[in-house]
2 protein chains.
Amino acid sequence: MKIVILGGVAAGAKAAAKTRRLLPDAIIDLYTDDTHISYSACGLPYYIQGNFQDYRTLLVRSPEEFEAQGVKIHLQCRAIKLLPDCKQVLIQDLRENRAFLVDYEQLVIATGARPVIPPINNVKLKNVFTLRHIEDGIAIREKALNSKHATIIGSGYIGLELLEAFIELGLKVTLVEFAPHIIPIFDDDISKIIQEQLLSICDNRFEILSSELVTEFFSNENGEVTGVKTGTGREFNTDMVVICAGVKPNIEFAREAGVAIGETGAIKVNKHMRTNFPDIFACGDCAEKTMIINDSKTWIPLGSTANKEGRVAAINLSGGDEAFNGVLGSAVVRCLSLTMSMTGFTEKKAKAEGFQPVSVTVTKNDKVGYMPDVNNITLKLIADRTTGLLLGGQAVGCGDADKRINTLTGALLGRLTVAEFTKNDITYAPPFSPTIDPLLNAAQLLREKIKKE
Amino acid sequence: MKIVILGGVAAGAKAAAKTRRLLPDAIIDLYTDDTHISYSACGLPYYIQGNFQDYRTLLVRSPEEFEAQGVKIHLQCRAIKLLPDCKQVLIQDLRENRAFLVDYEQLVIATGARPVIPPINNVKLKNVFTLRHIEDGIAIREKALNSKHATIIGSGYIGLELLEAFIELGLKVTLVEFAPHIIPIFDDDISKIIQEQLLSICDNRFEILSSELVTEFFSNENGEVTGVKTGTGREFNTDMVVICAGVKPNIEFAREAGVAIGETGAIKVNKHMRTNFPDIFACGDCAEKTMIINDSKTWIPLGSTANKEGRVAAINLSGGDEAFNGVLGSAVVRCLSLTMSMTGFTEKKAKAEGFQPVSVTVTKNDKVGYMPDVNNITLKLIADRTTGLLLGGQAVGCGDADKRINTLTGALLGRLTVAEFTKNDITYAPPFSPTIDPLLNAAQLLREKIKKE
């Protein structure tokens, strides 16, 4: 059996390792245009921040370890053309600049995603970065250690993690966000609270320019960025810029070859991670996801999902039978002392999906008020008016916000109604939550609101 | 409508407040043999520890606040005889030492539980305490501030919370536990880990005498405890003793009156918190609970449950219709930096209930290994071999152990199988969990174990 895997960060590396275990005799080749494989890309902001000194800490498994197990690793080799009828892939070696053809019996596409670059004049400059690969992290850290001011364009998860990193490194930061509030993946009311709370933690170290876009960079004679101009005409100096304006799936070569692309723009897969070609699998950030709540299609590229999908692809291509049912869109991000977390549909997304969302938002102590380290958390809970089904939740606060969201995930997975969820028996002791947890409090209020309406 | 409530800590106080809101015109009288009402008994260890200075911080709502809303509060008044046929209760005023009869149309029994005192010779001494009421907490704190050594008998939740409190106050502590390992409500393998981890955190400040019971106290001429003798003949000096050997429900006067007592020894109630008398409700620690997983009867007296039951009793006695489906036995306790948490059935309990439990235990990082504050957590997950149904979990560690247990609660409530639960989408970011959360890792291993067997 000859297995070719394209891509090697999370899904690709997992697929390679799992296939190796399941098919000890298969020939497995992994091609990636990256210079590293099998690393924790999510850890790059913490490397930049200096939580550890050696970037190699991020490597989960080295090419040598893979090779020792008989998985051949081909770094800096990009798949440029796929020939499904011939069961071949054309690969370009980026170092030697020559192309060669590779045969496969089973192919795994795990080519991930790449940063979106917004239309900015004079964008190709030194010290203008994106953060995706290990080299990006190394370069950003090196520059940040010698900078006084950084600009972050976009305030999603990576933008906020970088904000924390730069502040910890002593930089002043300007965060530019096109939406009216930062982290617009949350509902607007929650984004607004996040923005206020972040500024209240540390307002003298960074500024947020919201409802604002960057139109142009200024540069010096060395081709280095020196300043930023925005859509409203604002201009400011900066030593470095990181563009965190989202990502898009790397699917062009697959689409050209007739691999079906889903409505979300990522590769269409079934629960076995198979594409429309029976011998081609796709997994990780390049693949479309299914939302468990209503089986709708979505594209939420996250490392934890990529890992699970790589495992499922490996089992199925090895002759096993394993399904990946989909995602809930669960996510968490820390910025300074603030935790933001969500699962399921936001209210705006639920509406777009045809639900009749009803929501409540509560702000409560995260533990009993007399405990010395008590903090607020704000929790929004969303359910469908007609069926009472829980649809999602969002939490923000300096306390245990992610704990409440994870408690919801099991309920969403079990398709519970909000009335059923009010009966949940959550752990209680004064250092951990108030007697009535904010989550149950919100559920109770939501249940009553639905009853009344 | 004349409503009488007996007991006023958690369930009783909640029932009074909620009934007041639902029935503005009812006459509501609350009788308690306590000197305080509506307080957070769970907070007493933190008062003793000195997290706050004024015990009144523990009061949720004062008698004056209740009175202002028209709920009459009768402190130090104990119900000594119940006459269901006459719809009367005989109350003894403990201060004035006289009894009087009270009429009711609806009665709520929320008389709680009281500490069990093991058979110890010479047990009635000064500086031998139990911890249940506010005066207990005040007396224990006062004595602890003037002591060098304390003995704790029993290592359940309260025993461990007091261990932390005494160590924080600078005392040396001897913890005596009859079982082979501390906190025997957990499975033995987990209790053993808890014991080892606690000792590794701080072994020079306390010792654990397990498989050991206290047979006798020594005292001086002032009637103060001075020492302890154990079943194996060990003797040691001590300045104070707290007996934390469990509690039993205060149900004797109800049983005498013909109120049905369940198999667990607590008052039998239906989902509406009604007893066998249609006009008598019971809630809180004196009432029996239903285990949601298999609808079996259990008695797990916890403050969070008492609150919910008080609310449900109030709604039903006010003419509403609200059910309390039961508990999962979810609990959490902190001792020093260690968190211990559980939900559902332990393996031993599952066996006793007729399940065929299969379990796995994993010890993993609670977040990604390169984060500066990474800690271990040990997680045990239990499912039924025949049906694959999740039965429970236990977690211990210096990291976010309770978070994993709460994530399980929604799944237990939704009666998910372990195979279904492996599909859960838990939040991930390096400060919060590894890419594959220990909970999903354990679920995956458990699923494979069940498949193989």
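The following dialogue reads several features of a predicted model, from overall form to helix packing and the chain contact.

Biologist: On what conventions does this predicted model rest?

Modeller: Local features need pLDDT of at least 70 and side-chain atom pairs count only at pLDDT 80 or more, whereas totals for chains, interfaces and linings use all residues. Residues are numbered from 1 along each chain as its sequence is written, and chains are lettered from A and ligands numbered from 1 in the order in which they are written.

Biologist: What is the secondary structure of chain A, and how compact is the chain?

Modeller: Helices (H or I, at least four residues) and strands (E, at least two) are DSSP runs, numbered from the N terminus. Chain A has twelve helices and 25 strands. The radius of gyration is taken over C-alpha atoms, and the globule rule is 2.2 Å times the number of residues to the power 0.38. For the 453 residues of chain A the rule gives 22 Å; the radius of gyration is 23 Å, close to that, so the chain is as compact as a globular protein of that length.

Biologist: In what order do the five strands of the open sheet lie?

Modeller: Two strands pair if DSSP finds at least two bridges between them. The order in chain A is β3-β2-β1-β7-β18, with parallel pairing. Because β3 (71-74) and β18 (280-282) of chain A each have a single partner strand, one side of each lacks a neighbour in the sheet. Within the sheet, β1 (residues 2-6) and β7 (residues 106-109) of chain A are joined by four bridges, and A:Val4 has A:Leu107 in β7(A) as its bridge partner.

Biologist: Which strands does α8(A) touch, and at what angle does α8(A) pack with α1(A)?

Modeller: Axes are lines fitted to C-alpha atoms, for helices over the stretch in contact, and angles run from 0 to 180 degrees between N-to-C directions. Residues are in contact if their C-beta atoms, placed from the backbone, lie within 7 Å. α8(A) touches β1, β7 and β18 of chain A, and its direction makes about 175° with that of β7(A). Helix α1 (residues 11-22) of chain A packs with α8 (residues 303-317) of chain A at about 35°, their axes 7 Å apart. Among the residues of α1(A) that meet α8(A) are A:Ala15 and A:Leu22.

Biologist: How many residues does each chain give to the contact, and which element of chain A gives the most?

Modeller: Chain A contributes 50 residues and chain B contributes 51 residues. On the side of chain A, α10(A) gives the most, with ten residues.

How values were computed
Contact = placed C-beta atoms within 7 Å.
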